[in-house]
Amino acid sequence: MDEDAKALDALEKLMATAHVRGQWQVGANRPENMRRSPDGRVFIDPAPQAKPYLWRWDVMRRILDGACVVLPESETARRSLLYMNPGLQRGTTQTIWAGMQVIQPGEIAWAHRHTVNALRFTIDTGDNVFTVVDGEVLPMRPYDLILTPGWCWHDHHNDTPKPAIWLDVLDVPFIGMINQNYYEELGETVQDRRNDTALPGGAVLRPLGETPVRAARTCRYGWDETRARLDTVAGQGADPCDGVAVEYVDPATGASALATLACYAQMLPPGFSGHRRRRGASAVHFVISGEGKIEFDDTTLDFARHDGMAVPNWTWHRLVNASTTEPAFLFTVTDRPILDAFGLYREQTEP
Ligand SMILES: [Fe+2]
């Protein structure tokens with residue numbers, strides 16, 4: 001070892017004891033996605049760890065039925081199943097956790113709150129399934145969207161004779177990444193309610209202590225209204241990549257549905273064959289109805305009713321409706337608000 005090498009070695013040993021690292025040392029662990037442009041310049045763009053993946057409804061339904069058998073009483077706050085992306089240690093994408101929840105007849109998923117933002121997209125329920133968010137009763141009818149924004153009290157109820165099933169989408173991986181996870185139980189099974197008359201036939205008010213107070217905001221978006229809005233927008237033409245799409249926004253502010261998650265309803269017209277696009281945002285798609293596929297560079301996800309899909313960030317893909325006679329409807333959630341908040345969002349479309 002020459003004198004310069006010895007000096008460098010000694011310096012790096014001192015740095016190690018001082019918990020200091022030089023950028024020249026980091027260079028030894030250069031990201032795999034560091035590449036060179038044709039003119040020789042180094043560049044990096046995101047290399048998603050998540051994989052494109054599809055969770056089939058028939059398999060999920062079998063697992064949900066099995067969970068009701070082996071967990072006749074939910075022993076945790078929720079009887080939830082999570083879509084685990086095969087490319088990740090945890091999560092459906094790097095920021096989003098999605099999955100399905102089932103509540104047995106007569107069951108209550110007890111009141112709690114957390115800084116994690118969450119939403120429910122109803123799949124299969126009867127007339128008397130509802131969520132209470134900060135005291136407000138929100139009926140859950142098929143394909144309704146129910147928001148439980150961060151730190152809002154929420155409990156879920158199934159007062160029908162059959163299991164109630166919905167899609168859960170949460171920002172758990174993101175909140176965990178920045179270590180901002182706070183959680184607490186109410187200490188009572190249910191919270192006080194302000195508007196039980198929202199339920200068919202009303203319901204009995206259960207007196208409780210403190211009623212949580214929070215600025216009221218829209219936390220329920222009915223499917224009938226959403227579907228009607230899609231029909232109206234369809235008359236104005238379709239986006240070449242997304243088909244006909246509407247975003248669920250806070251009507252008071254126009255902001256995204258949740259601080260970290262944006263929600264959309266999409267309609268792929270019959271015969272729709274989308275252009276290729278990649279976005280900085282990752283996405284989860286749930287198939288409301290119809291059949292089609294998402295084509296990626298090295299895989300294709302063939303989807304049908306009630307399947308769930310993960311689309312990783314910065315991954316080329318395109319949407320196709322397999323039917324030439326029927327539209328396909330998707331409910332889509334992305335983490336775009338996180339990227340917009342820091343000016344990070346990018347997208348590219350192939351002509
Ligand atoms: Fe929760």
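W314 is buried in this predicted model, with a relative accessible area of 11%. The residue is placed in the loop between β21 (308-311) and β22 (317-321), and its phi is near 50 degrees, a positive value in a residue other than glycine. Most residues other than glycine have a negative phi. A positive phi, of about 55 degrees, also occurs at N179, which is not a glycine either. N179 is found in the loop between α4 (172-177) and β13 (183-185); whereas W314 is buried, N179 is exposed, with a relative accessible area of 64%.

The chain as a whole has 6 helices and 24 strands. Its C-alpha atoms fill a box of roughly 85 × 55 × 45 Å, taken along the principal axes, and of its 351 residues 49% count as buried. The domain assignment gives domain 1 (3-44), domain 2 (53-214) and domain 3 (223-349). The centres of domain 1 and domain 3, taken over C-alpha atoms, are separated by 41 Å.

Helix α1 covers residues 3-17, and its 15 residues, at 1.5 Å a residue, should span 21 Å. The C-alpha atoms at the two ends of α1 are 21 Å apart, in agreement with that expected span. The N-terminal end of α1 is capped by D2, of which a side-chain oxygen lies 3.2 Å from the backbone nitrogen of D4. Past the other end, just after α1, H19 takes a positive phi of about 55 degrees.

Aromatic contacts were examined next. A pair of aromatic rings is described by the distance of the centres and the angle of the planes. The count of aromatic pairs comes to 9. In the pair formed by F121 and F286, the ring centres are 5.9 Å apart and the planes stand at 65 degrees, so the pair is edge-to-face. F121 lies in strand β7 (residues 118-124) and F286 in strand β18 (residues 283-289), so this pair ties together parts that are 165 residues apart in sequence. F121 counts as buried, at 0% relative accessibility, and F286 is likewise buried, with a relative accessible area of 1%. A further aromatic pair, of W223 and F329, is edge-to-face, with 6.0 Å from centre to centre and 90 degrees between the planes. This pair, too, links distant parts of the chain, since W223 is in helix α5 (residues 223-234) and F329 in strand β23 (residues 328-334), 106 residues apart. Both W223 and F329 are buried. The residues of these two pairs belong to one aromatic cluster, which is formed by F121, Y143, Y221, W223, Y248, F286, F329 and F331.

Charged side chains are also placed over aromatic rings. R90 lies over the face of W97, at 5.5 Å from the ring centre. The charged end of R336 sits over the ring of Y345, and the distance from the centre of that ring is 3.7 Å.

With regard to cysteines, a search of the whole structure finds 0 disulfides. For C263, the closest cysteine sulfur is that of C219, and the two sulfurs are 11 Å apart, which is too far for a bond because a disulfide requires sulfur atoms within 2.5 Å. C263 counts as buried, at 0% relative accessibility. C68 is buried as well, with a relative accessible area of 11%.

A last site concerns N117, which is found in the loop between β6 (108-114) and β7. At 8% relative accessibility, N117 counts as buried. The C-alpha atom of N117 is separated by 8.5 Å from that of V169, although the two residues are 52 residues apart along the chain. Strand β7, which bounds the loop of N117, is also the strand in which F121 lies.

Notes: Residues are numbered from 1 along each chain as its sequence is written. This is a predicted model: local features need pLDDT of at least 70, side-chain atom pairs count only at pLDDT 80 or more; totals for chains, interfaces and linings use all residues. Side-chain values use heavy atoms; hydrogens and water are left out. Helices (H or I, at least four residues) and strands (E, at least two) are DSSP runs, numbered from the N terminus. Buried means under 20% relative accessible area, exposed over 50%, partly exposed in between (1.4 Å probe, protein chains only). The expected span of a helix is 1.5 Å times one less than its number of residues. A polar contact is a pair of N or O atoms within 3.5 Å; within protein, one must be able to donate a hydrogen and the other to accept it, and residues adjacent in sequence count only if both atoms are side-chain atoms. Rings of Phe, Tyr and Trp (its six-membered ring) pair if their centres lie within 6.5 Å; planes under 30 degrees apart count as stacked, over 60 as edge-to-face and the rest as tilted. A charge sits over a ring if NZ of Lys or CZ of Arg is within 6 Å of the ring centre and within 35 degrees of the ring normal. Domain bounds come from an automatic or database domain assignment.
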